[in-house]
Amino acid sequence: MRLRLAQTGAALTIMVMASAAYAEPGDGLKTGRMVVSPGITLTGAYDTNVFHQLTDEPNDEFSSAPTLTIAPFLKVSTAEPGSVDLSVDATVGWQQYLSGDDVLADQSGLTAKAGANVGINRQGT
């Protein structure tokens with residue numbers, strides 16, 4: 001009985017997930033004339049100069065460490081651009097320096113970015 005219940009639950013989950021798959025990436029949620037697109041990014045990088053040091057000496061070593069950033073974002077834009085096309089986006093994330101050195105790890109923190117774009121008569125009509 002429990003096995004049948006688990007199988008039914010798994011089948012139902014697959015059907016629900018499959019029905020939600022009709023939206024393509026970037027479609028967003030349409031709300032009247034606007035489209036709201038939420039998302040999240042996960043970025044890995046390697047910072048070769050954590051403290052932005054300047055030097056003229058060729059043998060000086062800079063503090064470096066790998067980083068991992070997780071950042072949810074939200075974008076709001078016009079659904080069907082006409083004579084005016086509007087797009088506003090915002091991101092707030094956490095950048096973590098992956099280092100055993102406490103001085104480098106302490107450089108971890110919040111990152112934020114916001115932007116806006118207004119296009120006028122992009123279709124040229």
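# Briefing: a five-strand antiparallel sheet

Ser87 is buried, because its relative accessible area is 14%, and the cut-off for buried is under 20%. The model is predicted. Its chain has 2 helices and 5 strands, and the 5 strands form an open sheet with antiparallel pairing. The points below begin with confidence and the chain as a whole, then go through the sheet and end with three single residues.

**Confidence**

- The mean pLDDT of the chain is 80, and 74% of the residues reach 70 or more.
- Residues 15-22 are a stretch where the pLDDT is below 50. Beyond near neighbours in sequence, this stretch makes 0 contacts in the model.
- Where pLDDT is low, predicted coordinates should not be read in detail.

**The chain as a whole**

- Along the sequence, helices and strands follow the pattern α-β-β-β-β-α-β.
- The chain has 125 residues, and 16% of them count as buried.
- About 9800 Å² of the chain is exposed, and carbon and sulfur atoms supply 59% of that area.
- Among contacts in the chain with a separation of 6 or more, 53% are between residues 24 or more positions apart.

**The sheet: order and edges**

- In what order do the strands stand in the sheet? The order is β1-β2-β3-β4-β5, and the sheet is open.
- Strands β1 (29-31) and β5 (109-120) stand at the edges. Each has a single partner strand, so one side of each is left without a neighbour in the sheet.
- From one strand to the next, the twist averages 20 degrees.
- Strands of a sheet pair through backbone hydrogen bonds, and the pairing can be parallel or antiparallel.

**The sheet: pair by pair**

- β1 and β2 (residues 34-47) run antiparallel and are joined by 3 bridges. Lys30 has Val35 in β2 as its bridge partner, and Thr31 stands opposite Met34 in β2.
- The two strands β1 and β2 form a hairpin with 2 residues between them. In the turn, Gly32 has a positive phi of about 75 degrees.
- How many bridges join β2 to β3? The number is 14, and these two strands run antiparallel. In this pairing, Thr43 stands opposite Thr69 in β3.
- β3 and β4 run antiparallel, with 9 bridges between them. They form a hairpin with 5 residues between the strands, and Phe73 stands opposite Thr91 in β4.
- β4 and β5 are joined by 12 bridges and run antiparallel. Ala90 has Ala114 in β5 as its bridge partner.

**Ser87, in a strand**

- Ser87 lies in strand β4, which covers residues 84-97.
- Leaving out residues up to four places away in sequence, Ser87 touches Lys75, Val76, Ser77, Gly115, Ala116 and Asn117.
- β3 covers residues 65-78, and β5 covers residues 109-120. The contacts Lys75, Val76 and Ser77 are therefore in β3, while Gly115, Ala116 and Asn117 are in β5.
- In the strand order, β4 stands between β3 and β5, and Ser87 has contacts in these two strands.

**Gln107, in a loop**

- Gln107 has its place in the loop between α2 (102-105) and β5.
- Is Gln107 buried, exposed or partly exposed? Gln107 is partly exposed, because its relative accessible area is 38%, and this class lies between the cut-offs of 20% and 50%.
- Not counting residues up to four places away in sequence, Gln107 touches Val50, Phe51 and Tyr97.
- A polar atom of the Gln107 side chain lies 3.4 Å from the backbone oxygen of Val103.
- Gln107 and Gln95 are 12 residues apart along the chain, and their C-alpha atoms are separated by 8.8 Å.

**His52, in another loop**

- Which loop holds His52? His52 is in the loop between β2 and β3.
- His52 is exposed, because its relative accessible area is 66%, and the cut-off for exposed is over 50%.
- Although His52 is not a glycine, its phi is positive, at about 50 degrees.

Methods
Residues are numbered from 1 along each chain as its sequence is written. Side-chain values use heavy atoms; hydrogens and water are left out. Helices (H or I, at least four residues) and strands (E, at least two) are DSSP runs, numbered from the N terminus. Buried means under 20% relative accessible area, exposed over 50%, partly exposed in between (1.4 Å probe, protein chains only). Contact means heavy atoms within 4.5 Å. pLDDT is the predictor's confidence in each residue, from 0 to 100. Two strands pair if DSSP finds at least two bridges between them. Axes are lines fitted to C-alpha atoms, for helices over the stretch in contact, and angles run from 0 to 180 degrees between N-to-C directions. Accessible areas come from the Shrake-Rupley method with a 1.4 Å probe; for residues, only the protein chains shown count as cover. A polar contact is a pair of N or O atoms within 3.5 Å; within protein, one must be able to donate a hydrogen and the other to accept it, and residues adjacent in sequence count only if both atoms are side-chain atoms.
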